[in-house]
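Work through the exercises below with the sequence and the 3D view side by side. Try each task yourself before you read its solution.

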Amino acid sequence: MTLNSQAQGGKMIYSAPKEKSQGVIYQKPTPYCVIKIKDSLTVVMQSEIRKMNSEWFDKVEVFKGQTAIDLYGEKAKDGAIVITIKEANAEEAQLYLNSRKE
């Protein structure tokens with residue numbers, strides 16, 4: 001398979017011949033996800049947020065573009081999701097986050 005590439009808006013765009021048996025591998029942008037419990041920040045995978053009890057969430061903030069990079073650095077180039085946990089659920093949420101680590 002031959003891939004053709006071209007720069008478009010600062011990003012490389014890859015295309016492949018349009019044959020049924022061939023495809024393009026596309027990596028979806030992944031936002032930087034943070035859980036905030038009191039003054040502590042824990043970085044999590046986006047899939048981990050879906051497993052959490054949404055009743056624990058006090059506030060969900062989404063940052064895009066330069067704002068996300070200014071707040072969290074280059075690792076947030078695809079955006080940032082910051083979830084603040086209610087103080088009443090802080091201990092339960094922290095136990096959950098601690099138990100998920102392998």
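**Exercise 1. In what order do the strands of the open sheet lie, and with what kind of pairing?**

Before starting, note that this is a predicted model, in which local features need pLDDT (the predictor's confidence in each residue, from 0 to 100) of at least 70, side-chain atom pairs count only at pLDDT 80 or more, and totals for chains, interfaces and linings use all residues. Residues are numbered from 1 along each chain as its sequence is written, and side-chain values use heavy atoms, with hydrogens and water left out.

Solution. Helices (H or I, at least four residues) and strands (E, at least two) are DSSP runs, numbered from the N terminus, and two strands pair if DSSP finds at least two bridges between them.

- Step 1: The open sheet has 4 strands in the order β4-β3-β6-β5, and its pairing is mixed.
- Step 2: The edge strands are β4 and β5 (57-63), each of which pairs on one side only.
- Step 3: Strand β3 (residues 32-37) runs parallel to β6 (residues 80-85), to which 5 bridges join it, and here tyrosine 32 stands opposite alanine 80.
- Step 4: β3 also pairs with β4 (residues 40-44) in the antiparallel sense, again over 5 bridges, with leucine 41 of β4 as the bridge partner of lysine 36.
- Step 5: β5 and β6 are joined in the antiparallel sense over 6 bridges, and valine 60 has isoleucine 83 in β6 as its bridge partner.

**Exercise 2. Describe the turn between β3 and β4, and decide how far β3 is enclosed.**

Solution.

- Step 1: β3 and β4 form a hairpin with 2 residues between them, and in the turn lysine 38 has a positive phi of about 55 degrees.
- Step 2: Count the buried residues, where buried means under 20% relative accessible area, exposed over 50%, and partly exposed in between (1.4 Å probe, protein chains only).
- Step 3: Because 5 of the 6 residues of β3 are buried, the strand is largely enclosed by the rest of the structure.

**Exercise 3. Which residues of α3 are buried, and which are exposed on the other side?**

Solution.

- Step 1: In α3 (90-100), the buried residues are Ala90, Ala93 and Leu97.
- Step 2: Ala90, Ala93 and Leu97 lie on the same side of α3, because they cover an arc (that of the directions from the helix axis to the C-beta atoms) of only 70 degrees around the axis.
- Step 3: A general rule helps here: an α-helix has 3.6 residues a turn, so residues three or four places apart point the same way.
- Step 4: On the other side of α3, Glu91, Leu95 and Ser99 are exposed, whereas the buried residues of the helix pack against β3, β4 and β6.

**Exercise 4. Place asparagine 89 in its surroundings.**

Solution.

- Step 1: Asparagine 89 lies in the loop between β6 and α3.
- Step 2: Its relative accessibility is 16%, and therefore asparagine 89 counts as buried.
- Step 3: Apart from its neighbours within four places in sequence, asparagine 89 is in contact (heavy atoms within 4.5 Å) with Glu55 and Trp56.

**Exercise 5. Where in the protein chain is confidence lowest, and where is it highest?**

Solution.

- Step 1: The mean pLDDT of the protein chain is 84, and 75% of its residues reach 70 or more.
- Step 2: Confidence is lowest in strand β1 (residues 4-8), with a mean of 46, and highest in β6, at 98.
- Step 3: Over residues 1-8 the pLDDT is below 50, although this stretch has 20 contacts in the model beyond near neighbours in sequence.
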